[in-house]
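Trainee: Could you take one part of this model and walk me through it closely? I would like to see how it is put together and then how it sits in the rest.

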Amino acid sequence: MNISSEVRGRDKFKKVEWLLNLLTECLNVLPMSFRKFLFVLFRNMKSIIGLGIRYILIKSIAENCGKNVSIHPGVYILTPENINIGDNVSIHPMSYIDAAGSISIGDDVSIAHGTTILSTTHSYGKKSIPIKDQSIKFEKTVIEDNIWIGSKATILCGITIGHGSIIGASSVITKNVIPESIMVGIPGKKIKTR
């Protein structure tokens, strides 16, 4: 069954966009630390009101946040001030996004539930020091436009996923993905081009 464009979230968003933008401007006068506190506080709020609150908060915190971004309940976004989100992006429940090293998400991206997107990793080169005590590496992760990330997929730090790609459920992406690829498995392998 296809969903008609009349019932899509983007149509509902257009009707209240002016109000969401006004509320975002009002929030911008508050200290960043307080806005981040509110973002965590409203993390699990259900209903369309929870979606709206998370939208205006992420729009006031993120490096950039486009139109019609839905962050569903139970999504963890660490260091949200280092994330750049395009238009028409949905991030579904139980996803974990660590933007400490910077994350860019393009337009028309769907991130299914339980997805992990990282921009940091541990250094492990010094055998005399426990891995957990070694430094952390920060690397930008890029999710280009028109991408579908299946449930429970993991995108490691420093990866670029090319536009138009599909990442299969439970896949682990350890290398850059060329545009229009369908990737599955652990580690993720290209099975075909769209």
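Mentor: We start with one sheet, move on to two single residues, and end with the whole chain. This is a predicted model, where local features need pLDDT of at least 70 and side-chain atom pairs count only at pLDDT 80 or more, while totals for chains, interfaces and linings use all residues. Numbering runs from 1 along each chain as its sequence is written, and side-chain values use heavy atoms, with hydrogens and water left out.

Now the sheet. Five strands form it, in the order β3-β6-β9-β14-β17. A strand here is a DSSP run of E with at least two residues, numbered from the N terminus. The sheet is open, and its pairing is parallel. Two strands pair if DSSP finds at least two bridges between them. At the edges stand β3 (76-78) and β17 (172-173). Each has a single partner strand, so one side of each has no neighbour in the sheet. In general, strands of a sheet pair through backbone hydrogen bonds, either parallel or antiparallel.

Look inside the sheet next. Strand β9 (residues 116-118) runs parallel to β14 (residues 154-155), and two bridges join them. Opposite Thr 116 you find Thr 154 of β14.

Now take Ser 102. It lies in the loop between β6 (96-98) and β7 (103-105). Its relative accessibility is 18%. Ser 102 therefore counts as buried, a term for under 20% relative accessible area; exposed is over 50%, and partly exposed is in between (1.4 Å probe, protein chains only). Beyond residues up to four places away in sequence, Ser 102 touches Asn 82, Ser 119, Glu 139, Lys 140 and Thr 141. Contact means heavy atoms within 4.5 Å.

Thr 160 belongs to strand β15 (residues 160-161). With a relative accessible area of 24%, Thr 160 is partly exposed. Set aside its neighbours within four places in sequence, and its contacts are Val 142, Glu 144, Asn 176 and Val 177. Cys 65 is 95 residues from Thr 160 in sequence, and the two are 19 Å apart in space, C-alpha to C-alpha.

Step back to the whole chain. The protein chain has 19 strands and three helices; a helix is a DSSP run of H or I with at least four residues. Of its 194 residues, 42% are buried. Take contacts between residues at least 6 apart in sequence: 25% of them join residues at least 24 apart. The C-alpha atoms fill a box of roughly 55 × 45 × 25 Å along the principal axes.
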